[in-house]
Amino acid sequence: MAELGSKGVTAGKIASNVQKKLTRAQEKVLQKLGKADETKDEQFEQCVQNFNKQLSEGTRLQKDLRTYLASVKAMHEASKKLTECLQEVYEPDWPGRDDTNKIAENNDLLWTDFHQKLVDQALLTMDTYLGQFPDIKSRIAKRGRKLVDYDSARHHFEALQTAKKKDETKIAKAEEELVKAQKVFEEMNVDLQEELPSLWNSRVGFYVNTFQSIAGLEENFHKEMSKLNQNLHDVLLGLDKQYSGNALPVKAQPRKKNKLFARLRKKMSSDSTPAKANKSPSPPPDGSPITSPETKTVNHELEPSTLEAPGASIPKSPSQPAEAAHAGAEAAGSEAAAGADASKTEADSGSSSLPAVVVETFPATVNGTVEGGASSERPDMPPGFLFKVQAMHDYTATDSDELQLKAGDVVLVIPFENPEEQDEGWLMGVKESDWIQHKELDQCRGVFPENFTERVQ
């Protein structure tokens, strides 16, 4: 029986709810058609608009705050990876290793604490703030339904009162329903009329507290993080000072012919006596003396560089006229040979008076530049001087034909005797101090990497 009664009550409640929905739908249609008036409360409608706006703003703020927290989490992970990388590359014998490990640990703790405080003081507060909106939203909707019920009861009561045939019993019952509907509506309406303006005004304090909390947490976080960063900076500065002398040096380009100049120099120094291309004539076989009072032969004495290195020029002579400065080696050789033949012919003929032959010598050239006799050369500089450079880094010579440089050394750049011997990125020169002291190229010149120097003149 109780079960049947329960089912009967449930069925009756459902039927009642269905009837209410039908009555409300009918009332709404009549109101829209203008056949029934609608109770209006403009002040309350404004409160509802403010409520919806406040709910929209709060929902957006909650979403953006969650995005911000996700970004903090991502930054925490990125920072953690970065400090882990530093710990891995920081070698055990480097000073400050323990300090870097401690800094990395504190860095991780600081990020964790910052994220947790943001959750506690901002996100949870945000969730609590928005937690009250669903209930109020539901009550606003219910108030709207009760207002329709009230309007429907009012219209029904008014219709019974204005009917031609009045039924007092129905009128009394309709009046009773009207009073009941009015009471339910007004109770809900009064509560919302008080709560909605209060909720609307509370948004100011909530926004202030939320953003103050975020700003304060960020300020403390960055302050503590700044200290850790300063500590890390000091540790790395100490490491840099201790290992600054072990920095990677500037590297010279590799040489392909770095042995060639050394071999040429060694051969030149071994041939200290110049070879002569012509010997003094021997006495005639019959023993008769040479009647010429003075016989002068062509001088074919050549410097070792001329004999050993193909294509090298004939040595220079102070008496060489300026017009012969640009004469080629082949012309010099042919003229010298012609002079030698002429001298031999006259000696064999037994001529009593042999004309003197002028000794022919030609200026040496370096890479196409005449050594000496050129009007553009400076007497205080080595032959073929091009320009000055200054060493910006120390350079340790790795072969006998290279210059040893110290930062600040000034080098006088000269051409290569054979341009084919020049490697890319390398120059030939003599240190200015050596040139001033010795005025000798053979023992002082050498090659050096161009990228270790800077042109100064």
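K227 is partly exposed, with a relative accessible area of 47%, and this lysine offers a starting point for a tour of what is a predicted model. The side chain of K227 meets that of E224 in a salt bridge, with 3.8 Å from N to O, and a search of the whole structure finds 12 salt bridges. The points below begin with these charged pairs, then turn to the packing of helices, to a nonpolar patch on the surface, and to some residues in loops and strands.

**Salt bridges within one helix**

- K227 and E224 both belong to helix α5, where they stand 3 residues apart, or about one turn of the helix.
- E224, the partner of K227 in this salt bridge, is likewise partly exposed, since its relative accessible area is 36%.
- In helix α4, D151 and R154 form a salt bridge of their own, with a distance of 3.1 Å from N to O, and these two residues also lie 3 residues apart, about one turn of the helix.
- Both D151 and R154 are buried, whereas K227, at a relative accessible area of 47%, is partly exposed.

**A salt bridge between two helices**

- The side chains of E195 and R139 come together in a salt bridge, for which the distance from N to O is 2.7 Å.
- This pair links distant parts of the chain, because E195 sits in helix α5 while R139 sits in helix α4 (residues 133-162), and the two are 56 residues apart.
- E195 has a relative accessibility of 29%, and it therefore counts as partly exposed.
- Salt bridges that share partners also bring D135 into the picture, joining D135, R139 and E195 into one network.

**How the helices pack**

- Two packed helices are described by the angle between their axes and by the distance between those axes.
- The axes of α4 and α5, the two helices linked by the salt bridge of R139 and E195, come within 8 Å and cross at roughly 150°.
- Angles over 145 degrees count as roughly antiparallel, and α4 and α5 are therefore roughly antiparallel to each other; their crossing is left-handed.
- Helix α5 (residues 168-243) also packs with helix α2 (residues 42-89), at an angle of about 15° and with the two axes 10 Å apart.
- Angles under 35 degrees count as roughly parallel, so α2 and α5 are roughly parallel to each other, and α2 passes α5 in a left-handed crossing.
- E158 lies in helix α4, and its relative accessibility of 36% means that this residue counts as partly exposed.
- Although E158 and A174 are 16 residues apart in sequence, the distance between them in space is 8.9 Å, taken from C-alpha to C-alpha.

**A nonpolar patch on the surface**

- The residues I14, V18 and L22 make a nonpolar surface patch of about 280 Å².
- One of these residues, V18, is found in helix α1 (residues 2-33), and with a relative accessible area of 42% it is partly exposed.

**Residues in loops and strands**

- K439 has a positive phi of about 55° although this residue is not a glycine, and its place is in the loop between α9 (432-438) and β6 (446-449).
- The relative accessibility of K439 is 45%, and K439 therefore counts as partly exposed.
- A397 lies in another part of the chain, in the loop between β3 (387-391) and β4 (410-414), and it is partly exposed, with a relative accessible area of 24%.
- Between A397 and P449, which are 52 residues apart along the chain, the C-alpha atoms are separated by 9.9 Å.
- I414 lies in strand β4 and is buried, because its relative accessible area is 3%, and a residue counts as buried when this value is under 20%.
- I414 and R445 are 31 residues apart in sequence, while in space they are 8.9 Å apart from C-alpha to C-alpha.

How values were computed. Residues are numbered from 1 along each chain as its sequence is written. This is a predicted model: local features need pLDDT of at least 70, side-chain atom pairs count only at pLDDT 80 or more; totals for chains, interfaces and linings use all residues. Side-chain values use heavy atoms; hydrogens and water are left out. Patches are made of residues with over 30% relative accessible area and no salt bridge: like charges are joined within 9 Å, nonpolar side chains (Val, Leu, Ile, Met, Phe, Trp, Tyr) within 5 Å. Accessible areas come from the Shrake-Rupley method with a 1.4 Å probe; for residues, only the protein chains shown count as cover. A salt bridge is a side-chain nitrogen of Lys or Arg within 4 Å of a carboxyl oxygen of Asp or Glu. Helices (H or I, at least four residues) and strands (E, at least two) are DSSP runs, numbered from the N terminus. Buried means under 20% relative accessible area, exposed over 50%, partly exposed in between (1.4 Å probe, protein chains only). Axes are lines fitted to C-alpha atoms, for helices over the stretch in contact, and angles run from 0 to 180 degrees between N-to-C directions. Angles under 35 degrees count as roughly parallel, over 145 as roughly antiparallel, 65 to 115 as roughly perpendicular and the rest as oblique. A crossing is left-handed if the near helix is turned anticlockwise from the far one by less than a right angle, and right-handed if clockwise.
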